[in-house]
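Trainee: Could you take me through the nonpolar core of this one, and then what sits around it? I'd like a close look at that single part.

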Amino acid sequence: MGKKRRGLSCVMDIGSAEKAFVWPLEDVKEGKKVRTGTCSDEDMPEVYARLRDHGEAEVEVSYMIPFIAPLTVATVFTLVVGNPLFLI
């Protein structure tokens, strides 16, 4: 399943990406592989098919739950410090 991290995204095999809870960040436009934003759930099978047809084996993806780390930090901060608005 060899994932390679790139900041908040990672590179996965297309087969693994289709089964995972991720959005593809790449697509094929006019015969070239380009970086795109996230796509809708309905478009994902078409994006993966275009990448396969282009001969790509891997795709850069973004996890569908990108806010877990910030939410965890905010929860811990609130539990330890409390609500900073009450200090005003």
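Mentor: Sure, let's start with the core. The largest nonpolar core has 14 residues, and those with the most contacts inside it are Met12, Ala17, Val22, Tyr48, Leu51, Val59 and Val61. Such a core is a set of buried Ala, Val, Leu, Ile, Met, Phe, Trp, Tyr and Cys residues joined through side-chain atoms within 4.5 Å. Two or more residues each come from β2, α1 (14–19), α2 (44–53) and β6, and α2 gives the most, with four. Helices (H or I, at least four residues) and strands (E, at least two) are DSSP runs, numbered from the N terminus.

Before going on: this is a predicted model, where local features need pLDDT of at least 70 and side-chain atom pairs count only at pLDDT 80 or more, while totals for chains, interfaces and linings use all residues. Residues are numbered from 1 along each chain as its sequence is written, and side-chain values use heavy atoms, with hydrogens and water left out.

Now Val22. Leaving aside neighbours within four places in sequence, Val22 is in contact (heavy atoms within 4.5 Å) with Met12, Ala17, Met44, Tyr48, Val61, Ser62, Tyr63 and Met64.

Follow that to Ser62, in strand β6 (residues 58–63). Ser62 is buried, at a relative accessible area of 16%; buried means under 20%, exposed over 50%, partly exposed in between (1.4 Å probe, protein chains only). Not counting residues up to four places away in sequence, Ser62 touches Val22, Trp23 and Leu25.

Another serine, Ser9, belongs to strand β2 (residues 9–13) and is buried at 5%. The side chains of Ser9 and Glu60 are joined by a polar contact of 2.6 Å: that is, a pair of N or O atoms within 3.5 Å where, within protein, one must be able to donate a hydrogen and the other to accept it, and residues adjacent in sequence count only if both atoms are side-chain atoms.
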